[in-house]
Amino acid sequence: MNDEHFGFLDEYAKKEVRRATLKAVAIPGYQVPYSSREMPMGRGFGTGGLQLTLALIGRGETLKVIDQGSDDSVNAVNLRSFIEMTCPGIHTTCRTEQADLIQSRHRIPEKPLREDQLLVLQVPYPDALVVVEASEDKRKLLHGEADYSRLLVKLYEDIVKFSEITISHRYPTRINNHYVIDPSPIPRWDVPKLHQSPALILLGAGREKKIYAVPPYTQAIPLAFEDVPFRVEDFSDEQGQRRSCVRCGCNSSFLDEYVDSATGEQVYRCSDSDWCNQQLELQRRVEEVVEVANG
């Protein structure tokens, strides 16, 4: 396969995505329109993130694809297979620290990212204002004037009605003291990772034809109030003890809730499968060192 066909997209499409990406990086949080191409998958299955990845990855680079923190979900496996098929010469990995480019749906890896890494998030709905303003023309004016008063009123109404802000994902986040973005359906747990991230974070919405970015070391502050601060998910049990992963025992990661098919009990596991596997490896190494030390 020659360079002309590397990455499925034609060269004009890749150049346009790269130009839109440069503009997005230059104006943090601004939604840059682009001509989203038809991809061999339905809109809403990661076509925006996929076009970013195909336009930016190069031969010899290493890619990681995750879906809800898992490397083995159907969406992640299919996207990885497609990219491997259309980008000969790249490598793939499940390890966060080995990846040059990480494409993700709905999670940011637990392991802190580095300056030389790039995170691409798949986005279904790019505009945080869509819940309070139906007209895109009016939303553009509100973004330009940094007028997010109606969004703040919605958060206030949540507090009045439920005594707290009930947004569980797509939490509106102000970038570089101006634009408020929809940070994709990542949980609240991941929102603080956007703030001053060493890695460049790109967000691509294929159906909505928008690309936006959180450049490295940029302010990313979730909307909140002085007397009702932003908070992440609480994994404490009824006794106030922090729940831990039933598989690796980690009590500092974002947890997914399951029902044990054998016992019917609720159990929790790390959402990030790579993080969970590395915790198990670390435990095995510690046990081996202890065994050697004990003779």
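His106 is placed in the loop that runs between β4 (101-105) and β5. This briefing concerns a predicted model, and it treats in turn the loops, the sheets, the nonpolar cores and the largest pocket. Seven strands, in the order β1-β9-β8-β5-β4-β2-β3, make up an open sheet of mixed pairing. A separate open sheet has 3 strands with antiparallel pairing. The largest nonpolar core contains 33 residues, and the largest pocket encloses about 260 Å³ of space.

**Loop residues**

- His106 has a phi near 75 degrees, which is a positive value in a residue other than glycine.
- The relative accessibility of His106 is 13%; because buried means under 20%, this residue counts as buried.
- Lys209 lies in the loop between β8 and β9, and its phi, near 60 degrees, is likewise a positive value in a residue other than glycine.
- With a relative accessible area of 37%, Lys209 is partly exposed.
- Pro126 belongs to the loop between β5 and α4 (136-144), where it is buried at a relative accessible area of 5%.
- Leaving aside neighbours within four places in sequence, the contacts of Pro126 are Gln31, Asp182, Ala205, Glu208, Lys210 and Tyr212.
- Pro126 and Pro183 are separated by 57 residues in sequence, and their C-alpha atoms are 7.6 Å apart in space.

**Sheet of 7 strands**

- The edge strands of this sheet are β1 (32-33) and β3 (91-92), each of which pairs on one side only.
- β2 (residues 62-67) pairs with β3 in the parallel sense, over 2 bridges.
- Within this pairing, Leu63 is opposite Thr92 of β3.

**Sheet of 3 strands**

- The strand order is β7-β6-β10.
- β7 (180-181) and β10 (220-222) are the edge strands, and each pairs on one side only.
- β6 (residues 173-175) is joined to β10 by 3 bridges in the antiparallel sense.
- Thr173 has Pro222 as its bridge partner in β10.

**Nonpolar cores**

- In the largest core, the residues with the most contacts inside it are Leu119, Leu121, Leu151, Tyr171, Ile201 and Leu203.
- At least two residues of this core come from each of β5 (118-122), α5 (149-162), β7, β8 (200-205) and β9 (210-214).
- Ile201 is in contact with Leu119, Leu121, Leu194, Tyr212, Ala213 and Val214, leaving aside its neighbours within four places in sequence.
- Another core, of 29 residues, lies apart from the largest one; its members include Tyr34, Met39, Leu63 and Ala213.
- Leu63, a member of that other core, is also the residue that stands opposite Thr92 in β3.

**Largest pocket**

- The lining of the largest pocket consists of 16 residues, and those that lie nearest its centre are Ser70, Arg269, Cys270, Ser271 and Ser273.
- By class, this lining comprises 7 charged, 5 polar and 4 nonpolar residues.
- β11 (255-259), β12 (266-270) and α6 (273-293) each contribute at least two lining residues.
- The largest share of the lining, 4 residues, is supplied by α6.

How values were computed:
Residues are numbered from 1 along each chain as its sequence is written. This is a predicted model: local features need pLDDT of at least 70, side-chain atom pairs count only at pLDDT 80 or more; totals for chains, interfaces and linings use all residues. Side-chain values use heavy atoms; hydrogens and water are left out. On a 1 Å grid over the protein atoms alone, a cavity is a set of points where a 1.4 Å probe fits but cannot get out, and a pocket is an open set with protein on both sides within 12 Å along at least five of seven lines; lining residues have an atom within 4 Å of a point. Grid points are joined across faces, edges and corners, and a volume is the space filled by probe spheres set on the points. Ala, Val, Leu, Ile, Met, Phe, Trp, Tyr, Cys and Pro count as nonpolar, Asp, Glu, Lys and Arg as charged, and the others, Gly among them, as polar. Two strands pair if DSSP finds at least two bridges between them. A nonpolar core is a set of buried Ala, Val, Leu, Ile, Met, Phe, Trp, Tyr and Cys residues joined through side-chain atoms within 4.5 Å. Buried means under 20% relative accessible area, exposed over 50%, partly exposed in between (1.4 Å probe, protein chains only). Contact means heavy atoms within 4.5 Å.
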